[in-house]
Amino acid sequence: MKRQTTSARQTKKLGEEMAKDILALPETNNAIVLALKGELGSGKTTFVQGLAKGLGVQSRVLSPTFLVIKEFELPHTNKTMLYHIDCYRLESSQELLDLGFKSIVANPKNIVVIEWADRVKKILSKDTKWIHFFVTGENSRELDVI
Ligand SMILES: Nc1ncnc2c1ncn2[C@@H]1O[C@H](COP(=O)(O)OP(=O)(O)OP(=O)(O)O)[C@@H](O)[C@H]1O
Ligand SMILES: [Mg+2]
């Protein structure tokens with residue numbers, strides 16, 4: 001599915017809508033993992049802000065570049081935690097494993113969204129849902145939901 005947006009607000013709205021879709025998915029044995037891929041400024045964090053809003057997160061969602069993993073409680077949903085991960089500064093997938101990634105994705109009560117996910121592709125499961133972000137103009141972006 002390809003979606004075009006012409007403002008950051010619209011990209012946020014798409015994230016918010018996706019939150020509903022995610023919460024409606026049947027529970028499986030693992031976390032729901034969304035892998036975001038796309039150049040700098042293509043709207044990944046903007047999308048995550050909308051996603052978090054749609055999941056009822058109250059606190060401000062910033063890029064977790066320096067922290068790598070940021071977690072948010074999801075008290076208003078049937079899930080427990082949202083993990084926002086940014087792999088931009090990682091040197092290897094092993095660094096993410098060292099931060100406890102395996103146990104995060106093993107918990108079906110977690111929702112995990114990963115920016116620059118292509119950098120850790122080899123440790124992501126086949127069930128991962130990929131979204132590719134493209135800059136198509138100053139204020140326009142294309143999101144390909146795979
Ligand atoms: N249609 C649009 N969708 C999303 N962001 C847009 C759009 N048009 C303009 N922008 C601007 O582009 C920037 C997107 O920044 P954002 O931090 O979301 O990108 P990112 O993909 O997370 O970048 P990074 O790789 O550095 O983490 C913001 O400044 C936002 O206001
Ligand atoms: Mg970002």
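This briefing covers the magnesium site, the surroundings of ligand 1 and helix H2. The model is predicted. Thr 45 and Glu 115 are the protein donors of the magnesium ion (ligand 2), and H2 gives the largest share of the shell around ligand 1, three residues. Eight of the eleven residues of H2 are buried.

**Magnesium site**

- The magnesium ion (ligand 2) has two kinds of protein donor atom, OG1 of Thr 45 and OE of Glu 115, at 2.0 to 2.2 Å.
- Thr 45 belongs to helix H2 (residues 44–54) and Glu 115 to strand S5 (residues 110–115), so the pair links parts of the chain that are 70 residues apart in sequence.
- Thr 45 is buried, its relative accessible area being 17%.
- Glu 115 is also buried, with a relative accessible area of 3%.

**Surroundings of ligand 1**

- Ligand 1 is surrounded by 18 residues, and the closest are Thr 11, Gly 41, Lys 44, Thr 45 and Thr 46.
- A nitrogen atom of ligand 1 lies 3.1 Å from a backbone N or O atom of Ser 7.
- The side chain of Thr 11 places a polar atom 2.6 Å from a nitrogen atom of ligand 1.
- Glu 115, a donor to the magnesium ion, also has a side-chain N or O atom 3.1 Å from an oxygen atom of ligand 1.
- On its own, ligand 1 has 640 Å² of accessible area, of which the protein covers 74%.
- Helix H1 (8–24) and H2 are the elements that give two or more residues to this shell.
- By class, the shell holds ten polar, five charged and three nonpolar residues.

**Helix H2**

- H2 is largely enclosed by the rest of the structure, because eight of its eleven residues are buried.
- The buried residues of H2 include Lys 44, Thr 45 and Thr 46, which are also among the residues closest to ligand 1.
- Phe 47, Val 48, Gly 50, Leu 51 and Ala 52 are the other buried residues of H2.
- The buried residues of H2 pack against the helix H1 and against strands S2 (32–38), S4 (81–86), S5, S6 (129–135) and S7 (141–145).
- Among these packing partners is S5, the strand in which the magnesium donor Glu 115 lies.
- Just after H2, Gly 56 has a positive phi of about 85°.

How values were computed:
Residues are numbered from 1 along each chain as its sequence is written. Chains are lettered from A and ligands numbered from 1 in the order in which they are written. This is a predicted model: local features need pLDDT of at least 70, side-chain atom pairs count only at pLDDT 80 or more; totals for chains, interfaces and linings use all residues. Side-chain values use heavy atoms; hydrogens and water are left out. Donors are N, O and S atoms within 2.8 Å of the metal (3.2 Å for Na, K and Ca); water is not among the atoms, so sites may look incomplete. Helices (H or I, at least four residues) and strands (E, at least two) are DSSP runs, numbered from the N terminus. Buried means under 20% relative accessible area, exposed over 50%, partly exposed in between (1.4 Å probe, protein chains only). A residue is near a molecule or strand if one of its heavy atoms lies within 4 Å of it. A polar contact is a pair of N or O atoms within 3.5 Å; within protein, one must be able to donate a hydrogen and the other to accept it, and residues adjacent in sequence count only if both atoms are side-chain atoms. Accessible areas come from the Shrake-Rupley method with a 1.4 Å probe; for residues, only the protein chains shown count as cover. Ala, Val, Leu, Ile, Met, Phe, Trp, Tyr, Cys and Pro count as nonpolar, Asp, Glu, Lys and Arg as charged, and the others, Gly among them, as polar. Contact means heavy atoms within 4.5 Å.
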